[in-house]
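Hi,

Here is the structure I promised to pass on to you. Have a look at it first, and my notes on what turned up follow below.

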Amino acid sequence: MKKLKKRSWAEPFKIKVVEPIKMTTQTQRAKAIKDAGYNTFLLKSDDVYIDLLTDSGTNAMSDNQWAGMMLGDEAYAGSKNFYHLWDNIKKYYGFPYFVPTHQGRAAEHMLSQIMIKPGDYIPGNMYFTTTKLHQELAGGTFVDVIIDEAHNAEKEHLFKGNFDIQKFKDLIKKAGAKKIAYVSMAGTVNMAGGQPFSMANLKQVKKITDKYGIRLWLDATRITENAYFIKKRERGYKSKSIGDIILEICSYFDGIWVSAKKDLMVNIGGFIATRDKKVYDAARNMVVVYEGLHTYGGLAGRDMEAMARGIEEMVLYDNIHARVGQVEYCGKRLEEFNIPMVKPFGGHAIFLDAKKFLPHIKQEEFPAQTLAAEIYLDSGVRGMERGIVSAGRDKKTGKNHHPKLELVRLTFPRRVYTQAHIDVTVESIVEVYQNRKSIKGLKMVYEPEYLRFFQGRFKKL
Ligand code: F0G
């Protein structure tokens, strides 16, 4: 008899409510993707079977979060949910001040306007689309100082989100510390494949920012996943709780901004949290112009309650273990079929390497955009492009950036899909891979000025 090697784990929750999804035919999908200009962002969600577009705002809330929604205090000013959320931000992130926003990019907008002067530089561990755009709109220039390994899909490295300390020092030397608005670190690094930084690397960065008096800020949108990888991969953290690791990470930063639509497992929300009273005062003042009063920031009281309760759940080990475990399960199954992917597998998504998947399609013909459309066509599984379309154009020369990573992201909403959904996804990708030689690229026929990947349109070559 075959012996069991080890006991497998399962999700620490069961399903109480279900939402039916539509099954479509290949003919229906062919029309839908053509109508959407071969851009998965422009598909109707009703035409999607398994939606792996993003983990942003697409998570399943717990019964406790839904119960909290009924306790929304919808006062214009001073809602009790705001105070509950504030208490939890102090307790779980360790910052005394906090300003709510309706989502992450609203926080990015305000922080960029407050902290960046035209001509400033903002170093960070690889760009994120909205973050960089807001930094540029404020007159700044984002400088990528992530380690080289992060730009190489197959290169195995436990902490691909790390800063390259030499690149960072070189920038300070070249630009001068005064010209650096702040350091914009992210954990995990979305565009690198959901890759973490290590605590040791963060401490090195902190040493330098302290030496030069540079402000250190964190995009803490997926900090729980980063903390999980530190616990699993870094010496000295095995027996620390996720909560303690998050608190230690935050202790090194002047402040954080967060899209709560990810780790906090809510459908909407964001915030800024900081120990810098000046930035806090400026943000608290600015939020009333763009978002709403500083005690709701574009959110309903019920949304803030769901966020407060989501924070309590995000630090639970079994929860994050199951979340990252599901991503890993998908990656390992794809690996059995030699599907080219970013390695190691990230925290929130599997990233297919479209350059290797479709080597006959030039980057100017959008291999990742093409691949995302082909997978949808095959099975109704929706992923997204993270390559040349997402990278946009150079703000000075107007030329396309040519990122080394040309990827399709299959992103897992938290607590939403089952292992059987993952199996179907894997089968579809394998089928597309087996038929890859007949796939043709795309040409762009409509290009919006900002964040073109959201609304750009394409035609089949
Ligand atoms: N920072 C990171 C690391 C993000 O992943 C996102 C959003 C934002 C900031 C902006 O937050 O969407 O609430 O305004 N990422 C989504 C994604 C859109 O699909 O990865 P937002």
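Let me start with a residue that is neither buried nor exposed: Phe454 has a relative accessible area of 24%, so it counts as partly exposed. Please keep in mind that this is a predicted model. The ring of Phe454 pairs with that of Phe453 in a tilted arrangement, with 4.2 Å between the centres and 45° between the planes. Phe453 itself is buried, because its relative accessibility is 3% and the limit for buried is under 20%.

That pair is one of the 17 aromatic pairs that a search of the whole structure finds. Another one joins Phe357 and Tyr433 edge-to-face, at 4.8 Å centre to centre and with 70° between the planes. This pair links distant parts of the chain: Phe357 belongs to helix α13 (residues 354-357) and Tyr433 to helix α16 (residues 419-434), and the two are 76 residues apart. Are these two rings buried or exposed? Phe357 is buried, with 0% relative accessibility, and Tyr433 is buried as well, at 16%.

There is also a cluster in which ring pairs link Phe82, Tyr83, Trp86, Tyr93, Phe98 and Phe271. Trp86 has a further partner, since the charged end of Lys90 sits over its ring, 4.6 Å from the centre. A second lysine, Lys132, lies over the face of Tyr127, and here the distance to the ring centre is 5.1 Å.

Now to the ligand, which may interest you most. Which residues are closest to the ligand? They are Thr54, Asp219, Ser259, Lys262 and Arg409, out of 17 residues that surround it. By class, this shell is made up of 8 polar, 7 charged and 2 nonpolar residues. Helix α4 (residues 104-115) contributes the most to the shell, with 3 residues.

For the polar contacts, three side chains are worth listing:

- Gln103 has a side-chain N or O atom 2.7 Å from an oxygen atom of the ligand.
- Arg105 has a side-chain N or O atom 2.7 Å from a ligand oxygen.
- Ser259, already named among the closest residues, has a side-chain N or O atom 2.7 Å from an oxygen of the ligand.

As for how much of the ligand is covered, it has 470 Å² of accessible area on its own, and the protein covers 94% of that.

Happy to talk it through whenever suits you.

Best wishes

How values were computed:
Residues are numbered from 1 along each chain as its sequence is written. This is a predicted model: local features need pLDDT of at least 70, side-chain atom pairs count only at pLDDT 80 or more; totals for chains, interfaces and linings use all residues. Side-chain values use heavy atoms; hydrogens and water are left out. Rings of Phe, Tyr and Trp (its six-membered ring) pair if their centres lie within 6.5 Å; planes under 30 degrees apart count as stacked, over 60 as edge-to-face and the rest as tilted. Helices (H or I, at least four residues) and strands (E, at least two) are DSSP runs, numbered from the N terminus. Buried means under 20% relative accessible area, exposed over 50%, partly exposed in between (1.4 Å probe, protein chains only). A charge sits over a ring if NZ of Lys or CZ of Arg is within 6 Å of the ring centre and within 35 degrees of the ring normal. A residue is near a molecule or strand if one of its heavy atoms lies within 4 Å of it. A polar contact is a pair of N or O atoms within 3.5 Å; within protein, one must be able to donate a hydrogen and the other to accept it, and residues adjacent in sequence count only if both atoms are side-chain atoms. Accessible areas come from the Shrake-Rupley method with a 1.4 Å probe; for residues, only the protein chains shown count as cover. Ala, Val, Leu, Ile, Met, Phe, Trp, Tyr, Cys and Pro count as nonpolar, Asp, Glu, Lys and Arg as charged, and the others, Gly among them, as polar.
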